[in-house]
Amino acid sequence: MDAPVDAPEDDPFAAALEAVGPRLRALRQQRQLTLVELSDRTGISVSTLSRLESGGRRPTLELLLPLAREHEVPLDELVGAPPTGDPRIHARPVRRGDSTILPLSRRPGGVQAYKQVLHGRTSDVLPETKVHEGYEWLYVLGGRLRLLLGEHDLVLGEGEAAEFDTRTPHAVLNADEHPVELLVLHGPQGERAHFRARPKQRRVD
């Protein structure tokens with residue numbers, strides 16, 4: 001068994017390797033993939049993937065190349081990071097099918113935030129609904145979004161939001177031929193988006 005990756009304070013290369021595990025976990029969760037699904041797609045065993053994410057397995061080029069290819073990110077994004085103290089998010093858009101995804105958060109675990117653009121529809125074929133662990137919150141920034149959720153078929157316009165348990169079969173697509181921009185928050189099962197609401201005024205008789 002490989003020893004955990006220790007990062008001496010004066011060794012920047014070891015520190016970069018230590019950061020690979022959390023970055024791999026964040027990318028996988030951002031794509032809503034389980035370790036088993038990622039293993040099937042890359043040919044890397046579940047136990048090896050788990051140890052890579054936890055820091056129990058030292059990352060090698062042989063392991064990182066298929067992971068970078070599957071996550072559609074440059075290899076240097078897996079082994080590099082913004083300087084400590086830099087609050088800016090160095091995000092790069094990822095094109096997946098008919099949509100473009102821009103990650104807005106890089107924190108491993110917890111709620112993941114990203115902006116998604118669904119390009120104009122080119123087919124009347126409905127996408128297959130999917131289920132997975134988690135809770136999702138959608139906010140439409142522009143355009144009209146069609147949300148298939150269980151037995152419901154909903155259309156959300158600009159400024160409208162929806163939140164749901166992702167164990168319910170669901171899919172999103174354009175409601176028409178125009179692009180849709182939306183903000184997405186995805187968290188672990190039971191972790192919902194919470195909003196601060198203005199209290200109702202008390203009625204004075």
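Analyst: A helix here is a DSSP run of H or I with at least four residues, and helices are numbered from the N terminus. With that settled, α4 gives the most to the lining of the second largest cavity, with 3 residues. Please keep in mind that the model is predicted.

User: Thanks! Which residues line that second largest cavity?

Analyst: Its lining is made of Leu24, Leu38, Leu49, Leu52, Glu53, Leu67 and His71. Both α4 (46–54) and α5 (61–71) supply at least two residues of this lining.

User: What makes a lining residue count as nonpolar, polar or charged?

Analyst: Leu counts as nonpolar and Glu as charged, while residues outside those two lists, such as His, count as polar. The lining of the second largest cavity therefore divides into 5 nonpolar, 1 polar and 1 charged.

User: Why is a space called a cavity and not a pocket?

Analyst: In a cavity a 1.4 Å probe fits but cannot get out, whereas a pocket is open. The structure holds 2 cavities of 30 Å³ or more. The largest cavity has a volume of about 40 Å³, and the residues nearest its centre are Leu17, Glu18, Gly21, Leu52 and Gly55. Helix α2 brings the largest share of that lining, 3 residues.

User: And what is the volume of the largest pocket?

Analyst: About 1,000 Å³. Of its 37 lining residues, Ser99, Gln116, Pro127, Lys130 and Val172 are the closest to the centre. Strand β8 gives the most to this lining, with 5 residues, and the whole lining divides into 14 nonpolar, 14 polar and 9 charged.

User: Why is Gly187 called buried?

Analyst: The cut-off is under 20% relative accessible area, and Gly187 has 3%, so Gly187 is buried. Gly187 sits in strand β9. Its C-alpha is 6.2 Å from that of Gln112, although the two are 75 residues apart in sequence.

User: How do you know that β4 and β9 are paired?

Analyst: Two strands pair if there are at least two bridges between them. Strands β4 (135–142) and β9 (180–187) are joined by 7 bridges, so they pair, and they run antiparallel. One example is Val140, whose bridge partner in β9 is Leu182.

User: What makes β1 and β7 edge strands?

Analyst: The sheet is open, with 6 strands in the order β1-β2-β3-β9-β4-β7 and antiparallel pairing. Strands β1 (94–96) and β7 (161–165) each pair on one side only, which puts them at the edges. From one strand to the next, the twist averages 25°.

Notes:
Residues numbered from 1 in each chain as written. Predicted model: local features only at pLDDT ≥ 70, side-chain atom pairs only at ≥ 80, totals over all residues. Heavy atoms only, no water. Axes fitted to C-alpha atoms, helices over the stretch in contact; angles between N-to-C directions. Buried < 20%, exposed > 50% of the residue type's maximum accessible area, 1.4 Å probe, protein only. 1 Å grid on protein atoms, 1.4 Å probe; cavity = no way out; pocket = protein on both sides within 12 Å on 5 of 7 lines; lining within 4 Å. Points joined across faces, edges and corners; volume = space filled by probe spheres on them.
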